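Reader: Hi! I have a structure I'd like to talk through with you. Could you take a look at it with me?

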Amino acid sequence: MSTLQASTLDQVVDTHRYPLSDPGSPEARAVVARAGRELAGTGCTVLPDFVRPSLHQVLRQECAALAPRAYFDVETVNVYNTDVDADLPGHHPGRRTFERGNAFVARDRLPGDALISRLYAHEPFRRFVADCFGLPRLYELADPLSGLVLNVVRPGMEHPWHFDTNEYTVSMLTQEAQEGGSFEYCPNIRSADDERFDDVRDVLDGRGARQPERLPLRPGDLQLFKGRYSLHRVSPVRGALARHSAIFAYSERPGVIGSVARTRQLFGRVLPEHLAAEGRAVRGDQLLD
Ligand SMILES: O=C(O)CCC(=O)C(=O)O
Ligand SMILES: [Fe+2]
């Protein structure tokens, strides 16, 4: 590792508590083991104050200054991000629709020297995340827009119930809402071979035995999450402040690029890389998206 990389890491991350550059140390092993246990149990783990508290204000200000670069467009969606006009049976949860009012700042609008950009591209950080998920390695997305994004949920908006396309989601709150804006989730409500449509519908309708969990998150905490199997949302934001979170997307495979249709929905534009990759996508399961 270069000196620059080492100093960057030590300046930004609490490396005493999270010794990323020393993966063989007992401290690092203990952190990874705890994260692995929690991920295996509930699909979710939080590493508090991953970014040093002395930098929380910088983290917040940097992202707040970038938030106006988001692509704002309220979209009618279902939990699977499939066609809401499709002819589904009456009881199918894909018939329930929501207004997705969150907006993303694309990676090409986030400066490379911002804290979140430095973390995303940092090799020891990526390796640490892979270790926590119990994976041999992870890759940055090849997608020039969606690998790293800032998720902006303005007052009155929500990021409604959904499943992630990505199996492994890494995120960090950078600015809290004054009220609302809670991360809520239903651990492992579906699996790779069972959609459990009835359970999903009950959550959307606010009934049934499953009460969603609410995850207390603070700016600078690192959240690792398996969002492909756990239905989740950010509840409506209230008060004067928008909620901001950085989403670090990694994949087990190199070369992952989003589809043209989905990229246009999320960012209002596509780049030549998306057009070139169209039709070459590889899927790991047959679940609805
Ligand atoms: O902003 C968050 O905390 C969650 C974001 C999320 O679920 C997503 O981008 O898929
Ligand atoms: Fe998500």
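**Helix H6 and its surroundings**

Author: Happy to! In helix H6 (residues 197–204), the buried residues are Val200, Val203 and Leu204. Seen down the axis of H6, these buried residues fall within an arc of 100°, so they line one face of the helix. One thing to keep in mind throughout is that this is a predicted model.

Reader: Good to know. Is there a general reason for that kind of spacing, and why would residues three or four places apart point the same way?

Author: An α-helix has 3.6 residues a turn, so residues at that spacing point the same way.

Reader: And what do the buried residues of H6 pack against?

Author: They pack against three strands, E7, E10 and E13.

Reader: What comes just after H6?

Author: Gly206 does, with a positive phi of about 70°.

Reader: Let's go to the strands, then. What is the order of the strands in the open sheet?

Author: The order is E7-E13-E10-E11, an open sheet of 4 strands with antiparallel pairing. Its edge strands are E7 (159–162) and E11 (213–215), each of which pairs on one side only. On average, neighbouring strands in this sheet are turned by 15° against each other, direction ignored.

Reader: How many bridges join E10 to E11?

Author: There are 3 bridges between E10 (residues 183–186) and E11, and the two strands run antiparallel. As an example, Glu184 has Arg214 in E11 as its bridge partner.

Reader: Nice. Changing topic: which residues are around ligand 1?

Author: The residues around ligand 1 are Asn151, His159, Asp164, Ser171, Phe183, Gly227, His232, Val234, Ser245 and Ile247. By type, that shell divides into 3 nonpolar, 6 polar and 1 charged.

Reader: Which strands each supply at least two residues of that shell?

Author: Strand E13 (231–234) and strand E15 (243–251) each do.

Reader: Asn151 was in that list. Which side of E6 is Asn151 on?

Author: Asn151 shares a side of E6 with Val149 and Val153, while Leu148, Leu150 and Val152 are on the other. Both faces are covered, and every one of those residues is buried.

Reader: How many residues of E6 are buried, then?

Author: In strand E6 (residues 148–153), 6 of its 6 residues are buried.

Reader: Which strands does E6 pair with?

Author: Strand E4 (residues 103–105) is joined to E6 by 3 bridges, and E15 is joined to E6 by 6 bridges. The E4 pairing is antiparallel, and the E15 pairing is antiparallel too.

Reader: Could you give me a residue pair for each?

Author: Sure. Ala103 has Val152 in E6 as its bridge partner, and Leu148 stands opposite Phe248 in E15.

Reader: One last thing, about backbone angles. Which residue in the loop between E2 and E3 should I look at?

Author: Try Asn81, which is found in the loop between strand E2 (75–77) and strand E3 (98–100). Asn81 has a positive phi of about 55° although it is not a glycine.

Reader: Is Asn81 buried or exposed?

Author: Asn81 is buried, as 20 other C-beta atoms lie within 10 Å.

Reader: And what about Asn188, where does that one lie?

Author: Asn188 lies in the loop between E10 and H6. Asn188 has a positive phi of about 45°, although it is not a glycine. With 15 C-beta neighbours inside 10 Å, Asn188 counts as partly exposed.

Reader: Great, thanks for walking me through it!

Conventions. Residues are numbered from 1 along each chain as its sequence is written. Chains are lettered from A and ligands numbered from 1 in the order in which they are written. This is a predicted model: local features need pLDDT of at least 70, side-chain atom pairs count only at pLDDT 80 or more; totals for chains, interfaces and linings use all residues. Two strands pair if DSSP finds at least two bridges between them. Axes are lines fitted to C-alpha atoms, for helices over the stretch in contact, and angles run from 0 to 180 degrees between N-to-C directions. A residue is near a molecule or strand if its C-beta atom, placed from the backbone, lies within 6 Å of it. Ala, Val, Leu, Ile, Met, Phe, Trp, Tyr, Cys and Pro count as nonpolar, Asp, Glu, Lys and Arg as charged, and the others, Gly among them, as polar. A residue is buried if 20 or more other C-beta atoms lie within 10 Å of its own, exposed if 12 or fewer, and partly exposed in between; C-beta atoms are placed from the backbone. The arc is that of the directions from the helix axis to the C-beta atoms. Two residues are in contact if their C-beta atoms, placed from the backbone, lie within 7 Å.
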